[in-house]
Amino acid sequence: MDAMTMGNYGVYVWSSFGLTFAVIILSDWRSRIHHNRIYRDIEVRIKALEERQ
Amino acid sequence: MWNFFKQLASPPHFYRLAATIIPWLAVPGLLLIAYGAYAGLFLAPEDYQQGDAYRIIYVHVPAAYLSMMAYMFMALGGAIGLVWRMKLAHAVGAAAAPLGAAFTFLALVTGSIWGRPMWGTWWEWGDPRLTSELILLFLYFGYMALRSAIDDTAKADKASAVLALVGVVNVVVVHFSVEWWSSLHQGQTLFKKGGPGMDAEMLYPLIAMIVGFTLVFGALLARRIRTEVLHRERRTRWVREMILSPAGGR
């Protein structure tokens, strides 16, 4: 229980840790989505060109 | 040596190399963060003045340090891109900006959360460290806005590189602000003369967090550079060959 309350500073400590990890995870997730989208767009364009040829 | 850099700067080479190094950075980085967070939250003793509130430093210090390091990557990328016209260097700058903005945001918010119980205020406009860090966030926003406002990638690279180089002055101000001016923010703790001003039980988790965050930052940056390279090189032959190859190149 002490670990949760952190001597009445629990809200400050846990929100700081939570926000930090959330931003890092979100940043990684967004960068994966962005990469996959660009890859897929290029793939579709190249395959369409190949089929036309 | 020159040949090594020349090969490293080749977009196809870097694209493949980055895919290999990302797990080698991410896995030890995450393990160090897991240890640092656990030890910092549960094993390190309470501070005699700040109580448990000081534990915020385990995320605040790495975020603040990376907010400046990301900017140096951006500026160095811009300088190398301008001087040697290296395409990959501009891609590094463009990839570092969103990460730098994220870590600057974290440094500001976690610092503010720590300031509330310690200083009795969320924010102090007169404080040089806080204000210069906020200017750093605006510089990141300005850099990204400038890049997205210019359609021509080569022109966007040049203009944003100049902005990044000018902004380096602010990074120096952020770093030395606590020494040059009177500040609510505490001075150097880790690198002060006579050694770190912290007990070893508090210090080791902090070092683990700094190294862990740096490795994870490296992995995140490498992933973003790959995306940037793929986007810039989308019409080149190597991308076409890579995508048509059975192995692909995600």
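Visitor: Let's start at the end of H3(B): which residue with a positive phi follows it?
Guide: This is a predicted model, so keep in mind that we're reading a prediction. Most residues other than glycine have a negative phi. Right after H3(B), though, there's a residue whose phi is positive, near 50 degrees, and it is B:Arg85.

Visitor: Is B:Arg85 buried or exposed?
Guide: B:Arg85 sits in the loop between helix H3 (57-84) and helix H4 (87-119) of chain B. A residue with 12 or fewer other C-beta atoms within 10 Å counts as exposed. B:Arg85 has 12 of them, so it is exposed.

Visitor: What is the span of H3(B), from its first C-alpha to its last?
Guide: H3(B) has 28 residues, and at 1.5 Å a residue you'd expect 40 Å. The model comes close to that, with a reach of 39 Å.

Visitor: And where in chain A is A:Asn8 found?
Guide: A:Asn8 has a positive phi too, about 70 degrees, although it is not a glycine. It's exposed, because just 11 other C-beta atoms lie within 10 Å and the cut-off for exposed is 12 or fewer. Its place is the loop between helix H1 (2-5) and helix H2 (10-52) of chain A.

Visitor: Is chain A a compact globule, or more spread out than one?
Guide: Chain A has 2 helices and 0 strands. For its 53 residues the globule rule gives 10 Å, but the radius of gyration is 22 Å, well over that. The C-alpha trace spans about 70 × 15 × 10 Å along its principal axes. Going by that radius of gyration, chain A is more spread out than a compact globule.

Visitor: What share of chain A's residues is buried?
Guide: To be buried, a residue needs 20 or more other C-beta atoms within 10 Å. Of the 53 residues in chain A, the buried part comes to 17%.

Visitor: What about chain B: what share of its residues is buried?
Guide: Chain B has 8 helices and 0 strands. Its C-alpha atoms fill a box of roughly 65 × 35 × 30 Å along the principal axes. Among contacts in chain B between residues at least 6 apart in sequence, 76% join residues at least 24 apart. Of its 250 residues, the buried share is 40%.

Visitor: Which helix gives the largest share of the largest nonpolar core?
Guide: That core has 72 residues, and B:Ile56, B:Ala70, B:Met74 and B:Ala96 have the most contacts inside it. H2 of chain A and H2, H3, H4, helix H5 (128-149), helix H6 (153-180), helix H7 (200-232) and helix H8 (237-244) of chain B each supply at least two residues. The largest share, 17 residues, comes from H4(B).

Visitor: Where the two chains touch, which helix of chain B supplies the largest share of its side?
Guide: The contact takes 35 residues from chain B and 23 from chain A. On chain B's side, H2, H3, H4, H7 and H8 each supply at least two residues. That side divides into 20 nonpolar, 5 polar and 10 charged residues. Its largest share, 9 residues, comes from H4(B).

Visitor: Which residues of chain B does A:Leu19 touch?
Guide: A:Leu19 is in helix H2 of chain A. It counts as partly exposed, because it has 17 C-beta neighbours inside 10 Å, while 20 or more would make it buried. Not counting residues up to four places away in sequence, A:Leu19 touches B:Leu106 and B:Val109.

Visitor: Where in H2(B) does the kink lie?
Guide: Helix H2 of chain B has 33 residues and reaches 45 Å, close to the expected 48 Å. Its buried residues include B:Phe14, B:Gly29 and B:Gly36. The kink is about 30 degrees and comes shortly before the proline B:Pro23, at B:Ile21.

Visitor: H6(B) has a kink as well, so on which residue is it centred?
Guide: The end C-alpha atoms of H6(B) are 39 Å apart, which agrees with the 40 Å that its 28 residues should span. Among its buried residues are B:Asp157, B:Gly167 and B:Val171, and what covers the buried ones includes H3, H4 and H5 of chain B. The kink is about 40 degrees, centred on B:Val174.

Terms used:
Residues are numbered from 1 along each chain as its sequence is written. Chains are lettered from A and ligands numbered from 1 in the order in which they are written. This is a predicted model: local features need pLDDT of at least 70, side-chain atom pairs count only at pLDDT 80 or more; totals for chains, interfaces and linings use all residues. Helices (H or I, at least four residues) and strands (E, at least two) are DSSP runs, numbered from the N terminus. The radius of gyration is taken over C-alpha atoms; the globule rule is 2.2 Å times the number of residues to the power 0.38. The expected span of a helix is 1.5 Å times one less than its number of residues. The bend at a residue is the angle between axes fitted to the seven residues ending there and the seven starting there. A nonpolar core is a set of buried Ala, Val, Leu, Ile, Met, Phe, Trp, Tyr and Cys residues joined through C-beta atoms within 7 Å. Two residues are in contact if their C-beta atoms, placed from the backbone, lie within 7 Å. Ala, Val, Leu, Ile, Met, Phe, Trp, Tyr, Cys and Pro count as nonpolar, Asp, Glu, Lys and Arg as charged, and the others, Gly among them, as polar.
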